[in-house]
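Here is a short report on one protein chain. Look at the structure first, then read on.

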Amino acid sequence: MIFGRSERGKPPVEPVTLKILVAGGFGVGKTTLVGAVSEIRPLRTEELLTEAGRPVDDTSGVEAKNTTTVAMDFGRITLREDLVLYLFGTPGQERFWFMWDELSEGALGAVVLADTRRLEDCFAAIDYFERRSIPFLVGVNRFDGAARYPAEDVRRALDLDEHVPLVMCDARDRESVKETLIGVVQHAMAQAAQRRHTVAT
């Protein structure tokens, strides 16, 4: 159990803990994002890529990548004394998708990272969260040397519904990642409020 710092004479605050998933294709920056913002040393389950994996791990566009997440990444960030986010980075390769159902259990929302050089790699994550009605936003990770496109062009290419937020971000930059995560929380809260309103009427 995590307790926030208490002011003198006041009992400690037990924070609300929220679970956010970080998903997307192979090599899109999920591990980097979790590491950039986590206040604890992230738990990582990375293994070296091997020759045996080359037929199934498409490294085109990310040729310098030499490791891959085989289970999940885990990190934590305290946004306020009473609000803590737990971050779970999902594995990107299709052969590990069976783990997504367990990782998504109880999740408030998700960030789907996209790489403009390999946009098609995030379709599976977008479909997954749409089918399960889990609120998500798309974060376009700005890789060095990757082409920059207007947000509306990327939105059309991904065929996103109008209510799904799309933001530009840098998975290496703590402040950029923090703003992206705040966006997920706000979107999830707005979706929950809309559902309550629909039920009430």
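## Salt bridges

This model is predicted. The count of salt bridges in it comes to nine. Side chains of opposite charge can pair when their charged atoms come close.

Start with R76 and E39. They form a salt bridge, and their closest N and O atoms are 2.9 Å apart. R76 lies in strand β3, residues 67-80. E39 sits in the loop between α1 (30-37) and β2 (43-48), so the salt bridge ties together parts that are 37 residues apart in sequence. Is E39 buried, partly exposed or exposed? Its relative accessible area is 37%, so E39 is partly exposed; the cut-offs for that class are 20% and 50%.

## Two more pairs

R117 and D115 also meet through their side chains. The N to O distance in this salt bridge is 2.9 Å. The two partners can be compared by their cover. R117 has 37% relative accessibility, so it counts as partly exposed. D115 has a relative accessible area of 3%, so it is buried. The limit for buried is under 20%.

A further salt bridge joins R156 and D153, at 2.4 Å from N to O. Where do R156 and D153 lie? Both are in helix α4, which spans residues 151-158. They are three residues apart, about one turn of the helix. R156 counts as exposed because its relative accessibility is 58%. D153 is partly exposed, with a relative accessible area of 33%. Elsewhere, salt bridges with shared partners join D144, D170 and R172 into one network.

## I40 beside strand β3

Go back to the loop between α1 and β2. I40 is found there. At 27% relative accessibility, I40 counts as partly exposed. Which residues does I40 touch, leaving aside its neighbours within four places in sequence? The contacts are F74 and R76.

R76 has already appeared as the salt-bridge partner of E39. I40 and R76 are 36 residues apart along the chain. Their C-alpha atoms are separated by 6.3 Å.

## A negative patch

Now turn to charges on the surface. Five residues form a negative surface patch: D127, E130, D159, D161 and E162. Take E130 as one of them. E130 is placed in helix α3, residues 123-131. Its relative accessibility is 34%, so E130 counts as partly exposed.

D159 is another member of the patch. It is placed in the loop between α4 and β7 (166-169). With a relative accessible area of 63%, D159 is exposed; the cut-off for exposed is over 50%.

## Two positive phi angles

Most residues other than glycine have a negative phi. D159 has a positive phi of about 55°, although it is not a glycine.

S133 also has a positive phi, near 55°, and is a residue other than glycine. Where is S133 found? It is in the loop between α3 and β6 (136-141). S133 counts as exposed because its relative accessibility is 58%.

## Q191 in helix α5

Helix α5 runs over residues 174-200, and Q191 is in it. Is Q191 buried or exposed? At 18% relative accessibility, Q191 counts as buried. The limit that matters here is under 20%.

Which residues are in contact with Q191, leaving aside its neighbours within four places in sequence? They are P135 and H163.

## The whole chain

Step back to the full chain. It has five helices and seven strands. Along the sequence, they follow the pattern β-α-β-β-β-α-β-α-β-α-β-α.

The chain holds 201 residues, and 47% of them are buried. Its accessible surface comes to about 11200 Å². Carbon and sulfur atoms account for 51% of that surface.

How much of the contact total comes from residues 24 or more positions apart? Among contacts with a separation of 6 or more, the share is 71%. The contact of I40 with R76 is one example from this report, since the two are 36 residues apart along the chain.

Technical notes:
Residues numbered from 1 in each chain as written. Predicted model: local features only at pLDDT ≥ 70, side-chain atom pairs only at ≥ 80, totals over all residues. Heavy atoms only, no water. Patch = residues over 30% accessible without salt bridge, like charges linked within 9 Å, V, L, I, M, F, W, Y side chains within 5 Å. Areas by Shrake-Rupley, 256 points an atom, 1.4 Å probe, with all protein chains shown as cover. Salt bridge = Lys/Arg side-chain N within 4 Å of Asp/Glu carboxyl O. Lys, Arg positive; Asp, Glu negative; His and termini not counted. Charge placed at Lys NZ, Arg CZ, Asp CG, Glu CD. Helix = DSSP H or I, 4+ residues; strand = E, 2+ residues; numbered from the N terminus. Buried < 20%, exposed > 50% of the residue type's maximum accessible area, 1.4 Å probe, protein only. Contact = heavy atoms within 4.5 Å.
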